[in-house]
Amino acid sequence: MTEDPKAAGGRPETQVRIGQGVQGRRELLVKALWIAVWLVFLSSPIQDLTGGRHTTAGTVAGTIGLTVFVCAYLTLVFRQMGAPFAPRTVALLLGTLLVLAPALTYGLGTQWSGLFVYLSVACGATLPLRLAYWAIPGSAIVMYLVGLRWGVYSVDDNMLMVVLIGFAMVGVGQLVRTTIELRKARATVAQLAANEERLRLARDLHDLLGHSLSLITLKSELAGRMLPEHPDKAAQQVNDIEQVSRQALVDVREAVTGYRRPRLAVELAGTQVALTAAGVTAELPPEPDLAGVPEEAESALAWALREAVTNVVRHSGADRCAVRLTHRQTLDGPMLELAVEDDGSGTGNGGFGNGLTGLTERLEKAGGTLEAGRVKHGFRLVARVPVAHTGDVGSGA
């Protein structure tokens with residue numbers, strides 16, 4: 001259930017991954033547009049440069065300074081949204097902004113005071129919390145002091161905007177850092193779960209085979225010693241070895257079957273991951289109540305859920321998929337019903353494919369049934385298995 005939706009023929013992931021580097025043209029475009037929106041504060045400096053108010057030397061110096069400022073800002077903030085720079089590089093770029101913002105405003109006029117907004121944003125996005133809490137108000141104070149050079153003695157809206165946007169970026173930076181930590185924690189949990197599963201498998205194999213192999217070794221040694229003088233007793237030992245070996249083989253097969261049997265709760269978790277990765281809105285039930293449900297019936301429903309979700313991801317082109325688990329009282333007795341419905345247009349073709357045919361046979365072995373076909377606004381698959389009790393599990397809608 002964790003296969004790549006692109007490899008499975010589904011649609012690519014639609015959300016922008018926070019705290020990760022740019023992957024592909026689409027993410028590059030989305031992040032570039034998100035940052036470009038905030039370049040609106042450059043309109044005043046650009047108008048000032050093109051208005052002919054300054055000398056040729058002043059216009060050239062202003063153009064060069066503004067270009068360096070914008071490049072440093074974009075480099076710093078764009079990389080900080082993905083793979084951050086080393087602290088020394090961050091300090092260098094932030095120092096460039098800190099020098100150019102007051103220098104250009106002091107030399108060319110208050111039309112350039114919007115540069116302090118970008119300085120505040122950069123401080124909020126890149127600095128640690130303790131430094132950002134001092135740097136953002138400090139940017140506003142420097143802006144006010146530079147304004148005194150041009151006769152501005154009051155606190156205006158621009159200063160308030162510098163403070164508010166700066167602290168807003170502190171929140172965004174915290175969100176990015178928290179997302180990165182959560183992603184690392186999730187990878188660690190997955191690794192620990194895999195290690196725990198390996199240990200459990202090793203434990204079970206030891207418990208299953210340790211005694212049997214020890215007994216086989218002991219009886220083999222006894223048969224070897226008895227063979228020259230007591231061939232009849234040696235034959236009995238060999239017969240015991242055969243019986244122990246057959247029983248060990250049965251135990252191993254039962255253990256492997258248990259490992260391969262899917263669980264409904266696990267498949268529901270995998271369904272959430274697969275549908276989200278494919279850009280499909282998932283409506284899932286809460287933790288299922290499977291008391292009294294035979295393992296074979298649960299396994300059949302888990303296979304049905306896996307097959308249905310695979311079809312949704314690969315073929316449906318759906319935007320929404322709803323999964324419901326409900327206990328129903330029917331003429332054939334109590335049933336646990338799994339319904340998977342999507343609003344796509346490409347899942348069904350009016351007949352059962354190989355996957356659904358095999359699924360029907362699997363459900364019939366568990367005493368259940370399968371219904372699948374087109375509905376008014378998509379495709380619906382319903383699988384039912386017999387259970388020993390009744391009670392509503394929940395719709396999950």
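## A salt bridge at Asp-48

In this predicted model, Asp-48 is buried, with a relative accessible area of 3%, and its salt-bridge partner is Arg-53, the closest N and O atoms of the two being 2.3 Å apart. Arg-53, by contrast, is exposed, at a relative accessible area of 52%, so that this bridge joins a buried residue to an exposed one.

## Other salt bridges

A search of the whole structure finds nine salt bridges. One of them pairs Arg-306 with Glu-267, where the closest N and O atoms are 2.5 Å apart; this pair links distant parts of the chain, since Arg-306 belongs to helix α10 and Glu-267 to helix α9, which covers residues 264-277, and the two residues are 39 apart in sequence. Glu-267 counts as buried at 3% relative accessibility, while Arg-306 counts as partly exposed at 29%.

Another bridge brings together the side chains of Arg-320 and Glu-283, at 3.6 Å from N to O, and it too links distant parts of the chain, with Arg-320 in strand β2 (residues 320-330) and Glu-283 in strand β1 (residues 281-283), 37 residues apart. Arg-320 is partly exposed, with a relative accessible area of 28%. Elsewhere, salt bridges that share partners join Arg-328, Glu-337, Glu-371 and Arg-384 into one network.

## Aromatic pairs

The structure holds three aromatic pairs. In one of them, Phe-69 and Tyr-118 meet edge-to-face, with 6.3 Å from centre to centre and 75° between the planes. Because Phe-69 lies in helix α3 (residues 56-80) and Tyr-118 in helix α5 (residues 115-126), this pair ties together parts that are 49 residues apart in sequence. Both Phe-69 and Tyr-118 are buried, and ring pairs link these two residues with Tyr-73 into a cluster.

A further pair, formed by Tyr-133 and Phe-167, is tilted, with the centres 6.0 Å apart and 35° between the planes. Tyr-133 lies in helix α6 and Phe-167 in helix α7 (residues 157-226), so this pair ties together parts that are 34 residues apart in sequence. Here Tyr-133 is partly exposed, at a relative accessible area of 44%, and Phe-167 is also partly exposed, at 33%.

## Charges over rings

Arg-306, already met as the salt-bridge partner of Glu-267, also has its charged end over the ring of Trp-303, 4.7 Å from the centre of that ring. In a second case, the charged end of Arg-149 sits over the ring of Trp-150, at 4.2 Å from the ring centre.

## Surface and helix ends

Ile-141, Leu-145, Leu-148 and Tyr-153 make a nonpolar surface patch of about 420 Å², and Ile-141 lies in helix α6, which spans residues 129-148. In helix α10, which spans residues 295-316, His-315 counts as partly exposed, at 44% relative accessibility. His-315 and Ser-345 are 30 residues apart in sequence, and their C-alpha atoms are 8.4 Å apart in space.

## The chain as a whole

The protein chain contains 11 helices and five strands, and of its 397 residues, 36% count as buried. The chain exposes about 22,400 Å², of which carbon and sulfur atoms supply 61%. Among the contacts between residues at least 6 apart in sequence, 69% join residues at least 24 apart; the bridge between Arg-306 and Glu-267, residues 39 apart, was described above as one that links distant parts of the chain.

Key. Residues are numbered from 1 along each chain as its sequence is written. This is a predicted model: local features need pLDDT of at least 70, side-chain atom pairs count only at pLDDT 80 or more; totals for chains, interfaces and linings use all residues. Side-chain values use heavy atoms; hydrogens and water are left out. Patches are made of residues with over 30% relative accessible area and no salt bridge: like charges are joined within 9 Å, nonpolar side chains (Val, Leu, Ile, Met, Phe, Trp, Tyr) within 5 Å. Accessible areas come from the Shrake-Rupley method with a 1.4 Å probe; for residues, only the protein chains shown count as cover. A salt bridge is a side-chain nitrogen of Lys or Arg within 4 Å of a carboxyl oxygen of Asp or Glu. Helices (H or I, at least four residues) and strands (E, at least two) are DSSP runs, numbered from the N terminus. Buried means under 20% relative accessible area, exposed over 50%, partly exposed in between (1.4 Å probe, protein chains only). Contact means heavy atoms within 4.5 Å. Rings of Phe, Tyr and Trp (its six-membered ring) pair if their centres lie within 6.5 Å; planes under 30 degrees apart count as stacked, over 60 as edge-to-face and the rest as tilted. A charge sits over a ring if NZ of Lys or CZ of Arg is within 6 Å of the ring centre and within 35 degrees of the ring normal.
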